[in-house]
Amino acid sequence: MTQQTAAQAALVRALKQYGGIFLSLVMLCIIFSFLNPRFMSVVNFMNILQQVAVIAIAAFGMTWVILLGEIDLSVGSIIAVAGMVGAQCFAFGLGFGPALAVTLIAGALMGMLNGVLTAKLLLPSFIVTVATMGIYRGLVSLPTNGAPAMIDNATWTAIGTESFLGLPIIIWVVAVLFVINQIVLSKTSFGRRAYLTGGNREAAIYSGIKVDRLKIIIFMISGVMAAISGVLLSSRLFSAQTNAGMSYELDAIAAAVLGGTSLAGGVGTMVGTLIGALIIGVMNNGMNMLSVPYFYQLIVKGLVILVAVWLDVRAKQAKR
Amino acid sequence: MHGSTTDTVLKISNVTKSFGQVAALKSMRLDVRRGRVHTLLGENGAGKSTLMKILAGVHSATSGEITLDDQPFRPANPQQASALGLAIVFQELSLCNNLTVAENILATREPRKFGFINDTALVAKAKAIVAELGLPIDVTEKVGNLSIAQRQLVEIAKGLSHDAKVVILDEPTSSLSDSEAEILFDIIGRLKSRGVAVIYISHRMEEIMRLSDDITVIRDGEYVSTHDRNDVTIEALIALMVGRRMDEIYPPPIHDRSKASAADQRPVLAVERLTRDGEFADISFKVDAGEILGFFGLVGSGRSEVMNALFGMKNASGTVRLDGQDVRFRSPAEAIGRGIGFVTENRKEEGLVLGHSVEWNISMAALPDFTGPFGFTRGGAERKAAAAEVGRLAIKTRSLDTPAGALSGGNQQKIVLAKWLLTRPKVLILDEPTRGVDVGAKFEIYKIIRQLAAEGTAILLISSELPEVLGMSDRVVVMHEGVLGATLAGTELTPETIMAHATGFQS
């Protein structure tokens, strides 16, 4: 009896928090399955999950940054750099393990630069990451003078193409990263410090939270998540492209904001961000299946984001 | 002039206001007369803010009638209220820090030329307003460069610059020093002589008795009584306000320190020649375990700056000894780790994360104590500790998960106290611990401070309220313009001596 009521209470809480945005997702799915009977199938949903993986992982990192009241616009460029670093590692004859390590370290370093410039030089993260977005995007072309670089390492390309226990590896990666991010955010003191600092930076400082260090670490998390996205993207393309991940930072921001992350800081969860990423994935997939021209897709996506966020904000205001 | 000086300008009859099922105001009434100061007195949560918001047009009354100059008064928004002749100076600062004083004072009413703001006229008009009020403020200065007290005066100038029939001042002196408060009282005098009615809200009984002509007491959303200032005493008003007799404002010490043995009187914190260029110089004092050391000084005397330096927020030269050991904190984290707690001046800016829960706010400074293996938060222990503090300090909250911002001012302040109690500090710095807190909650906070001292915590109590410093401290350090005026104890502790040192009339 009490267990049942506890479960009910948890369900009510979840509905209150994610109800609006989850409803938007379900409605989109219903609309698309009416428009195209092939939309509602396991195979297609696997497809959507794989397509959304790159955005979702970058959005997990973005959620940390936005939670702190900052922004990271360099994510799309880091995705491209990561692919190129991997490709160059293989060109130098490194194996899969060392190449992956070097790629992730590169992501961490790029994030660290964002964090240090923001925290120590007291520059707004919007400006810092607009600048590094350009710098990192330029760095991608240095090794090949702008040409794509092929990747022929079998393990690397398997990540984006093979399956494990019946599920594509790429979905396993998303699932594992989702669980890790959500646990660190909700169950550790590190996550708590992010919430508190995002909620009121001054109060956090006076309570002994080292907010500069926290900020640098969180930008590093964003950098590493983007680098993992870059690995996935390059493995699916069998190559590193200089224009890879272009404007993905905006999709990542949209996913986080759709999921209820507040740009003012202090509010947000990975669950919400995952739902937000799925909305973007469903829209892309559904409209592609209907052969909607790309420019119409952009217009529709923009409108859906506006409406979904407006519905969510309205629901939360009504609760007060 | 506006006719005779005794007729009613603003009349509130039988006004009620409900938010859903909750009645915030029940049959409220008020009769405000021209050229008089009418004080509205009540504890936090008594309904003063709701009533003011109805007058300002932020809320609308559920029922009842309000008339201004015998005309029905139902403003739809603050702009309309002010156009009809009712100006409000809110307690919370509503200024834009990156604009100048002149731009703030005349915001939304800037003089224009061809549709563009006419800067010369703007500055001239603002200068005239400031000069008329006698404020010592440069109107071309950016508000962000002013002290909190100066900002409050700008706020007042902004409210008064409308040609108002009724002016509402909501706790205008809460961040003013005594000399700045004098400027305000002078302004109020000028308003009265112009026939303007002033509705005054304050928790400071001395200034209420000095300024008011009429005093109306409200309690739990209901009208209690209205008195002529000459027919009533502070004690009677407090009794009416809290609905019970308040025998003492300051609880007595739990142990008599004068009888303490020499062994008990070991200094926990000793500060020598602490100096920070441009802020304070040569500050030396020490505080014993269980002692309450008061810090008094006018706004701008450098009290808060000294405390920030002690807490590792700012660098300073000089020596600080904690339990006989030289220490130098480079961050608050280090200071907290060594047993220093700091209840900061502005609970909303530096004390609380208003959007997060009571529990999270209470455990915030002691988070390392609630962190287990792999950085996981020990949720059970955290919740238990937070619940214990809520019980010990009698914090009134629906649950531990309620956002801190939903609580009343007094309860919010208790959360800040609870946060620092959880860190078990050896030295607790309290910067204006009862600002914006009602009489009942003040008494409870004073009792908590006494209890902490009795348990051996060394306490630094900073306050702009002279009676509070006198009522609570064992010794008092007086600061004046960044230097130590005097350290007073025993029979030297009189309002006259302290003020003489604080104003620098005596050295």
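## Two sheets, two domains and two chains in a predicted model

In strand S22 of chain B, B:Leu484 is the residue that stands opposite B:Met479. The two strands concerned, strand S21 (residues 475-480) of chain B and S22(B), run antiparallel and are joined by 6 bridges. The model described here is predicted.

### The sheet of six strands

S21(B) and S22(B) belong to an open sheet of 6 strands in chain B, with the order S18-S19-S20-S15-S21-S22 and mixed pairing. Strand S18 (340-343) and strand S22 (483-489) of chain B stand at the edges and have a single partner strand each, so one side of each lacks a neighbour in the sheet. On average, neighbouring strands here are turned by 20 degrees against each other, direction ignored. As background, strands of a sheet pair through backbone hydrogen bonds, in either a parallel or an antiparallel way.

### The sheet of four strands

A second open sheet in chain B is formed by 4 strands in the order S14-S13-S16-S17, and its pairing is antiparallel. Strand S14 (280-288) and strand S17 (325-327) of chain B are the edge strands, each pairing on one side only. The average turn between neighbouring strands of this sheet is 20 degrees, direction ignored. Within the sheet, strand S13 (residues 267-276) and strand S16 (residues 317-322) of chain B pair in the antiparallel sense over 5 bridges. B:Glu272 stands opposite B:Thr319 in S16(B).

Which helix lies across S13, S14 and S16 of chain B? Helix H9 (residues 303-310) of chain B does, running at about 115 degrees to S13(B). H9(B) also lies across strands of the six-stranded sheet, namely strand S15 (292-296), S18, strand S19 (427-431), strand S20 (458-463) and S21 of chain B. Its direction is at about 150 degrees to S19(B).

### Domains of chain B and the contact with chain A

The domain assignment divides chain B into domain 1 (8-242) and domain 2 (257-339 + 425-503). The centres of these two domains, taken over C-alpha atoms, are separated by 34 Å. Their contact takes 15 residues from domain 1 of chain B and 10 residues from domain 2 of chain B. On the domain 1 side, helix H6 (178-193) and helix H8 (234-242) of chain B each supply at least two residues.

Chain B also touches chain A, in a contact that takes 22 residues from chain B and 17 residues from chain A. Helix H10 (332-337) and helix H11 (347-351) of chain B are the elements that give two or more residues to the chain B side.

The table lists residue classes for these two sides and for a pair of helices in chain A.

| Set of residues | Nonpolar | Polar | Charged |
|---|---|---|---|
| Side of domain 1 of chain B that touches domain 2 of chain B | 5 residues | 6 residues | 4 residues |
| Side of chain B that touches chain A | 11 residues | 8 residues | 3 residues |
| Contact of H2(A) with H10(A) | 16 residues | 3 residues | no residues |

### A helix pair in chain A

Two packed helices are described by the angle and the distance between their axes. In chain A, the axes of helix H2 (residues 42-67) and helix H10 (residues 211-237) come within 8 Å and cross at roughly 175 degrees. H2(A) is therefore roughly antiparallel to H10(A). Residues of H2(A) in this contact include A:Ala53, A:Ile57, A:Phe60 and A:Trp64, and those of H10(A) include A:Phe219, A:Met225 and A:Leu232.

### Confidence

Chain A has a mean pLDDT of 90, with 96% of its residues at 70 or more. Where in chain A is confidence lowest, and where highest? It is lowest in helix H1 (residues 2-35) of chain A, with a mean of 77, and highest in helix H4 (residues 96-120) of chain A, at 97.

For chain B the mean pLDDT is 85, and 93% of its residues reach 70 or more. Residues 1-5 of chain B have pLDDT below 50, and this stretch has 6 contacts in the model beyond near neighbours in sequence. Predicted coordinates should not be read in detail where pLDDT is low. For the complex, the predictor gives an ipTM of 0.87 and a pTM of 0.77.

Notes
Residues numbered from 1 in each chain as written. Chains lettered and ligands numbered in written order. Predicted model: local features only at pLDDT ≥ 70, side-chain atom pairs only at ≥ 80, totals over all residues. Pairing = 2+ DSSP bridges. Axes fitted to C-alpha atoms, helices over the stretch in contact; angles between N-to-C directions. Contact = placed C-beta atoms within 7 Å. Domains from an automatic or database assignment. Nonpolar A, V, L, I, M, F, W, Y, C, P; charged D, E, K, R; others polar. Parallel < 35°, antiparallel > 145°, perpendicular 65-115°, else oblique. pLDDT = per-residue confidence, 0-100.
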